[in-house]
Structure formats: C-alpha cells, structure tokens
Amino acid sequence: MRAFPKTKRRGRPRNVVATGPDRGTPEQMSRRFKLVGDGPQELASYPLGVLFARKIITQEQHNAGLDYSRLHRAVIGKHQRSAGGDPIPDDVLEGMQRRFDVMRAALKSSGRRSKDAVDNAAVYDRFPGWLFRKTIRDGDSKQADALCQGLHALERAFGERTAA
C-alpha cells in the first residue's frame, strides 16, 4: 500500500476567491447600462424604473404608478395575499379597493390611450415601443404623451389620497 505525502491533498484544489454580489454577465450589464445609463441598475428591471432613470417621468409619477400596480394586483389580481404570504384582511382589502377605485377613475378620466399606456407599463411590465426605436414614428409622441398624462392623473389622485 502506498501512502500519499501529507503536503498534497487529493481532489479538486480549493479556489478561494473573494467575490462580491453577482452583477450578471457582461451582456446583462451592458443591457442595463443602455437602459438606465449611470442611474441605479435596479431601475432597469421594470418599465417605470427605466422611465424614471431616463428622467422621462418624475419621482412622484413613478411612485404613483407603483402604487397603482400594487393596488391592481391586490384588488383585481388572483393573488390577494400580503408580502408575508398571509391573506389580506377584509377591512384592509376594502380600503385598498376604495383607493384603487379613485386611482382608476382618475386614470379613466385622462382617456383610453392613457389608461392603456399606464396599464401596459405599470401593471403588465411592458416596455413602451417608442423607448427603444431608433427612428421616430408618427404615433410615438402621442403614446409618450398619453403615458405621461396618465401617470400625471395617477399622481394627482395619489397626492389627494395621501393628503386625506
């Protein structure tokens, strides 16, 4: 029987590397940089974040859109649970329903095109096509204006709700 020297270890050698958080592949990092530039990279993961990072919408519009999306998921969505996984109590759900109704009415009053643009960006996480086009189409400015008008209507409704 042959003994192995004590200085050599069997198996795969350990590779001790001090690593930080996973930033993704170079392609992912490049895509996020194209979306948000020097802004926070977390904003590249959803349409309202990209619009906010590019300074197309304001912080208040961004917050109102996120609140509308959260209320939409809780009231209309099939997942009526809180972040912890517990069911949302009925009284809290009724309050959310009232706030959602106010925000939805404000959004509807801004027009169908605005409602569709906000629903696509905030609720369904669809990036607007005009955000990535190299050549501007005739309807792109109308769609961008509709999105901003819808978010502005939500911002007013959101501001009224928080003031009350």
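**Exercise 1. Describe the largest nonpolar core of this predicted model.**

Solution.
Step 1. Start with the size: the largest nonpolar core holds 35 residues.
Step 2. Find its best-connected members. Y68, V118, L147 and L154 have the most contacts inside the core.
Step 3. Ask which helices take part. At least two residues of this core come from each of α1, α2, α3, α4 (90–109), α5 and α6.
Step 4. Look at one member in detail. Leaving out residues up to four places away in sequence, Y68 touches F100, M103, R104, L107, K115, V118, D119, V123 and L154. Two names in this list, V118 and L154, also stand among the residues with the most contacts inside the core.

**Exercise 2. State the overall make-up of the chain.**

Solution.
Step 1. Count the elements: there are six helices and zero strands.
Step 2. Write them in sequence order, which gives the pattern α-α-α-α-α-α.
Step 3. Turn to burial. Of the 164 residues in the chain, 32% are buried.
Step 4. Turn to contacts. Among contacts with a separation of 6 or more, 59% join residues 24 or more positions apart.
Step 5. Turn to the surface. The accessible surface of the chain is about 11,900 Å², and carbon and sulfur atoms account for 51% of this area.

**Exercise 3. Decide whether H62, E42, K55 and D125 are buried, partly exposed or exposed.**

Solution.
Step 1. Recall the cut-offs: a residue is buried under 20% relative accessible area, exposed over 50%, and partly exposed in between.
Step 2. Take H62, which sits in helix α3. Its relative accessible area is 6%, so H62 is buried. Apart from residues up to four places away in sequence, H62 touches Y46, L48, G49, F52 and I57.
Step 3. Take E42, found in the loop between α1 (26–36) and α2. E42 has a relative accessible area of 58% and is therefore exposed. The C-alpha atom of E42 is separated by 8.7 Å from that of R32, with the two residues 10 residues apart along the chain.
Step 4. Take K55, in the loop between α2 (47–53) and α3 (59–75). The value for K55 is 72%, so this residue is exposed.
Step 5. Take D125, in the loop between α5 (112–123) and α6 (140–163). Because its relative accessibility is 45%, D125 counts as partly exposed.

**Exercise 4. Give the phi angles of K55 and D125 and say what to note about their sign.**

Solution.
Step 1. For K55, phi is near 65°.
Step 2. For D125, phi is near 55°.
Step 3. Check sign and residue type. The phi of K55 is positive, and K55 is a residue other than glycine. The phi of D125 is also positive, again in a residue other than glycine.

**Exercise 5. Characterise the largest pocket and its lining.**

Solution.
Step 1. Give the volume, about 180 Å³.
Step 2. Name the lining: R113, D116, A117, N120, A121, R126, F127, P128, G129, W130, Q143 and L147.
Step 3. Assign it to elements. α5 and α6 are the elements that give two or more residues to this lining. The largest share, five residues, comes from α5.
Step 4. Sort the lining by chemical type: six residues are nonpolar, three are polar and three are charged.
Step 5. Link back to Exercise 1. L147 is one of the lining residues, and L147 is also among the residues with the most contacts inside the largest nonpolar core.

Methods. Residues numbered from 1 in each chain as written. Predicted model: local features only at pLDDT ≥ 70, side-chain atom pairs only at ≥ 80, totals over all residues. Heavy atoms only, no water. Helix = DSSP H or I, 4+ residues; strand = E, 2+ residues; numbered from the N terminus. Buried < 20%, exposed > 50% of the residue type's maximum accessible area, 1.4 Å probe, protein only. 1 Å grid on protein atoms, 1.4 Å probe; cavity = no way out; pocket = protein on both sides within 12 Å on 5 of 7 lines; lining within 4 Å. Points joined across faces, edges and corners; volume = space filled by probe spheres on them. Nonpolar A, V, L, I, M, F, W, Y, C, P; charged D, E, K, R; others polar. Core = buried A, V, L, I, M, F, W, Y, C linked by side-chain atoms within 4.5 Å. Contact = heavy atoms within 4.5 Å. Areas by Shrake-Rupley, 256 points an atom, 1.4 Å probe, with all protein chains shown as cover.
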